[in-house]
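Open the model in a viewer and keep the sequence panel beside it. The stops below say what to select next and what is there.

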Amino acid sequence: MRGSSPRMTGKNRPDRPYITQMRPQDILMPVPAGLCCKPGRFHIDPVRPVERAVITHGHSDHARPGHGAVLATRATLDMMRLRYGDNFAGSTQAIAYGETIKLGDVTLKFHPAGHVLGSAQIAVSCKDTCIVASGDYKDAPDPTCAPFEVVPCDVFITEATFGLPVFRHGDAGDEVKKLMASVALFPERAHLVGAYSLGKAQRVIALLRAAGYDAPIYLHGAMEKITRYYESRGVALGDLRPVKGMRKADLAGTITLAPPSATSDIWTRRFPDPVTAFASGWMRVRARARQRGVELPLVISDHADWDGLTATIDATGAGEIWVTHGQEDALVHWCTAKGLAARPLDLVGYGDEDEGEAMPAGEDTEA
Ligand SMILES: [Zn+2]
Ligand SMILES: [Zn+2]
């Protein structure tokens with residue numbers, strides 16, 4: 001394993017006798033199946049089937065079917081069931097935010113990650129050392145899920161999807177106002193908003209409602225199940241209708257949410273002269289928007305931006321930072337310059353749901 005030199009260990013707590021300290025890499029370590037906790041005999045967000053999986057959130061690259069036992073929040077388990085069917089795991093156990101559970105020699109506690117409904121950071125404590133695996137997270141407000149919680153720890157494992165200083169997402173509410181302005185400007189055209197079907201779509205709808213948009217919002221078939229699930233968990237989303245069966249002319253002046261890949265497919269022919277929008281943190285990059293043929297880029301991300309990542313790392317008080325899936329180098333460099341021990345984790349198998357590539361087969365079909 002990389003970076004397992006002794007200088008990486010215990011640096012943040014020099015006052016404690018080393019006898020009560022465990023080296024963090026003895027608690028959690030990256031293996032091909034994912035992050036492995038040997039003393040607890042489980043993996044976090046495993047990318048291959050394992051005996052016991054602890055899962056941060058429902059996105060398909062983190063929550064995969066075929067594990068023996070799965071420990072996750074109720075919402076994450078429900079989303080896995082919706083997506084994969086009742087037999088997605090040998091057994092399941094739901095855990096609430098703030099609840100503690102002992103597995104082998106370690107104690108686990110779940111905290112909100114602010115990423116999507118049910119998303120959790122997992123604090124893994126063994127003896128005197130606490131490691132927080134944050135999965136995907138954002139510190140920006142989101143009406144559709146519990147707000148991100150700062151969890152003090154010794155080692156913080158952070159994502160780096162937007163780990164470059166150029167990424168500053170701004171206020172998602174302003175982006176939704178751009179969409180509403182476009183609808184007002186082009187009443188004869190349909191607006192087709194590409195948004196990942198778990199989390200992003202519901203957040204865009206909730207932001208539209210918060211901005212006062214109360215007309216029906218239309219859904220691509222792939223969005224329906226998960227969106228209805230959000231509603232069943234108390235997230236109010238207003239008047240939602242399936243777009244299927246609508247007459248083309250009746251879609252003028254309306255907003256439809258669809259998976260990102262559907263917005264560049266022949267499926268769009270059912271809409272009158274559609275304005276194609278795309279809600280993603282990547283829309284900060286003009287070239288990406290152009291490349292995808294996006295007419296109306298909306299910078300709305302479910303991941304922390306550069307300021308969010310660095311502020312969160314600071315706030316945890318962790319002396320050691322492990323950086324995973326995304327643009328690790330700049331963030332590792334930033335940490336090192338601040339005197340923190342930091343290294344990339346080199347975990348593989350985590351896609352970027354913002355690009356829509358992580359969508360499982362069958363969810364992205366004509367509907
Ligand atoms: Zn995610
Ligand atoms: Zn991810």
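Select helix 4 and show its surroundings: its buried residues pack against helix 3, strand 12 (191–194), strand 13 (217–219), helix 5 (221–232), strand 15 (255–258) and strand 16 (275–279). The model is a predicted one. Helix 4 is mostly covered, with nine of its eleven residues buried. To colour the buried set of helix 4, pick Lys200, Ala201, Gln202, Arg203, Val204, Ile205, Ala206, Leu207 and Leu208.

Next, add helix 3 to the selection. Helix 3 (residues 172–185) and helix 4 (residues 200–210) pack with their axes 9 Å apart, at an angle of about 80°. The two helices, helix 3 and helix 4, are therefore roughly perpendicular to each other. Show side chains for Ala172, Gly173 and Val176 on helix 3 and for Val204, Leu207, Leu208 and Ala210 on helix 4, the residues that make the contact. Sorted by class, the contact of helix 3 with helix 4 holds six nonpolar residues, one polar residue and no charged residues.

Now look at what flanks helix 4. Just after helix 4, Gly212 takes a positive phi of about 95°. On the other flank, Gly199 sits in the loop between strand 12 and helix 4.

Is Gly199 buried or exposed? Gly199 counts as buried, because it has 26 C-beta neighbours inside 10 Å and 20 or more are enough for that class. Leaving aside residues up to four places away in sequence, Gly199 touches His115, Val116, Leu117 and Asp302. Draw a C-alpha to C-alpha distance from Gly199 to Ile226 as well: the two are 8.7 Å apart in space and 27 residues apart in sequence.

Move to strand 11 (residues 155–160), which is mostly covered, with six of its six residues buried. Which residues of strand 11 point which way? Val155, Ile157 and Glu159 point one way, Phe156, Thr158 and Ala160 point the other way, and all of them are buried.

Display the pairing partners of strand 11 in turn. Strand 10 (residues 129–133) runs parallel to strand 11 and is joined to it by three bridges. Here Ile131 stands opposite Val155 in strand 11. Strand 18 (residues 320–326) also runs parallel to strand 11, with six bridges joining the two. For a reference pair, select Phe156 and its bridge partner in strand 18, Ile321.

Step back along the chain to the open sheet of six strands, which has the order 1-2-3-4-5-6 and mixed pairing. Strand 1 (29–31) and strand 6 (89–94) stand at the edges with a single partner strand each, so one side of each has no neighbour in the sheet. Neighbouring strands of this sheet are turned by 30° against each other on average, direction ignored.

Within this sheet, select strand 4 (residues 52–54) and strand 5 (residues 67–72), which run parallel and are joined by three bridges. Arg52 has Ala69 in strand 5 as its bridge partner. Then go on to strand 6: strand 5 and strand 6 pair in the parallel sense over five bridges. Ala72 is matched with Ala94, its bridge partner in strand 6. Add helix 2 (residues 74–84) to see the right-handed β-α-β unit that strand 5, helix 2 and strand 6 make.

Two backbone details come next. Most residues other than glycine have a negative phi. Lys127 is not a glycine, yet has a positive phi of about 50°. Find Lys127 in the loop between strand 9 (120–126) and strand 10. With 14 C-beta neighbours inside 10 Å, Lys127 counts as partly exposed. Asp346, also not a glycine, has a positive phi of about 55°. Look for Asp346 in the segment after strand 19 (341–344). Asp346 counts as partly exposed, because it has 14 C-beta neighbours inside 10 Å.

Finally, clear the selection and display the whole protein. How many helices and strands are there in the protein? There are eight helices and 19 strands. Of the 367 residues in the protein, 49% are buried. Among contacts with a separation of 6 or more, 62% are between residues 24 or more positions apart.

Terms used. Residues are numbered from 1 along each chain as its sequence is written. Chains are lettered from A and ligands numbered from 1 in the order in which they are written. This is a predicted model: local features need pLDDT of at least 70, side-chain atom pairs count only at pLDDT 80 or more; totals for chains, interfaces and linings use all residues. Axes are lines fitted to C-alpha atoms, for helices over the stretch in contact, and angles run from 0 to 180 degrees between N-to-C directions. Helices (H or I, at least four residues) and strands (E, at least two) are DSSP runs, numbered from the N terminus. Angles under 35 degrees count as roughly parallel, over 145 as roughly antiparallel, 65 to 115 as roughly perpendicular and the rest as oblique. Two residues are in contact if their C-beta atoms, placed from the backbone, lie within 7 Å. Ala, Val, Leu, Ile, Met, Phe, Trp, Tyr, Cys and Pro count as nonpolar, Asp, Glu, Lys and Arg as charged, and the others, Gly among them, as polar. Two strands pair if DSSP finds at least two bridges between them. A residue is buried if 20 or more other C-beta atoms lie within 10 Å of its own, exposed if 12 or fewer, and partly exposed in between; C-beta atoms are placed from the backbone. A crossover is right-handed if, with the strands pointing away from the viewer, the path from the first strand over the helix to the second runs clockwise.
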